[in-house]
Amino acid sequence: MEEKLNICIGEGNMEFETLAQESKSTGLDLAMQIFPLLDDYFCGTFAKNTKGILMKLENGQVFQLSVTEVA
């Protein structure tokens with residue numbers, strides 16, 4: 001079962017609450033957040049591009065890592 005994270009925002013932070021409701025993350029935004037972590041877990045080279053992240057592993061495999069919103 002999936003858990004939902006509830007964040008309580010105090011009354012003094014109404015501007016932040018409004019901004020959080022209006023702004024939405026894109027798949028590219030999330031991919032760019034993941035980008036710095038890849039070097040810690042994989043051996044290869046990583047490059048940002050317009051679709052996400054191009055991963056070239058040391059064994060010759062090449063992957064395009066992308067994030068897509070499904071719901």
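Colleague: Let's start with Tyr-41: is this residue buried or exposed?
Modeller: Happy to, bearing in mind that this is a predicted model. Tyr-41 has a relative accessible area of 67%. A residue counts as exposed when that value is over 50%, so Tyr-41 is exposed.

Colleague: Which element holds Tyr-41, and what surface patch does the residue help to make?
Modeller: Tyr-41 has its place in helix α2, which runs over residues 27-41. Together with Leu-37 and Phe-42, Tyr-41 makes a nonpolar surface patch of about 360 Å².

Colleague: How does the span of α2 compare with the one expected for 15 residues?
Modeller: At 1.5 Å a residue, the expected reach is 21 Å. From its first C-alpha to its last, α2 comes close to that, reaching 21 Å.

Colleague: Where in α2 does the kink of about 40° lie?
Modeller: Good one to look for on the structure above. There is a proline in this helix, Pro-36, and the kink comes shortly before it. The residue at the kink is Phe-35.

Colleague: Which elements do the buried residues of α2 pack against?
Modeller: The residues in question are Gly-27, Ala-31 and Leu-38. Their packing partners are three strands, covering 44-49, 52-57 and 62-65. In order, these are β1, β2 and β3.

Colleague: Stepping back, what pattern does the chain follow along the sequence?
Modeller: The chain has two helices and three strands. Read along the sequence, they give α-α-β-β-β.

Colleague: How much of the chain is buried?
Modeller: For the surface side of the picture, the accessible area comes to about 6500 Å², with 55% of it belonging to carbon and sulfur atoms. Of the 71 residues in the chain, the buried share is 11%.

Colleague: Let's take one strand residue. Why does Phe-46 count as buried or exposed?
Modeller: Phe-46 lies in strand β1. The cut-off for a buried residue is under 20% relative accessible area. Phe-46 is buried because its value is 17%.

Colleague: Which residues does Phe-46 touch, leaving out those up to four places away in sequence?
Modeller: Some of its partners belong to elements we have already met. Phe-35, the site of the kink in α2, is among them, and so is Leu-38, one of the buried residues of that helix. The full set is Phe-35, Leu-38, Asp-39, Ile-53, Leu-54 and Met-55.

Colleague: And Cys-43, in the loop between α2 and β1: which residues is it in contact with, aside from neighbours within four places?
Modeller: Cys-43 is exposed, with a relative accessible area of 52%. Its C-alpha atom is separated by 6.0 Å from that of Glu-58, 15 residues apart along the chain. Glu-58 is one of the contacts, and the complete list is Lys-56, Leu-57 and Glu-58.

Colleague: One last pair: what separates the C-alpha atoms of Asn-59 and Gly-44?
Modeller: Asn-59 is found in the loop between β2 and β3. At 56% relative accessibility, this residue counts as exposed. Along the chain, Asn-59 and Gly-44 are 15 residues apart, and their C-alpha atoms are separated by 8.4 Å.

How values were computed: Residues are numbered from 1 along each chain as its sequence is written. This is a predicted model: local features need pLDDT of at least 70, side-chain atom pairs count only at pLDDT 80 or more; totals for chains, interfaces and linings use all residues. Side-chain values use heavy atoms; hydrogens and water are left out. Helices (H or I, at least four residues) and strands (E, at least two) are DSSP runs, numbered from the N terminus. The expected span of a helix is 1.5 Å times one less than its number of residues. The bend at a residue is the angle between axes fitted to the seven residues ending there and the seven starting there. Buried means under 20% relative accessible area, exposed over 50%, partly exposed in between (1.4 Å probe, protein chains only). Contact means heavy atoms within 4.5 Å. Patches are made of residues with over 30% relative accessible area and no salt bridge: like charges are joined within 9 Å, nonpolar side chains (Val, Leu, Ile, Met, Phe, Trp, Tyr) within 5 Å. Accessible areas come from the Shrake-Rupley method with a 1.4 Å probe; for residues, only the protein chains shown count as cover. A salt bridge is a side-chain nitrogen of Lys or Arg within 4 Å of a carboxyl oxygen of Asp or Glu.
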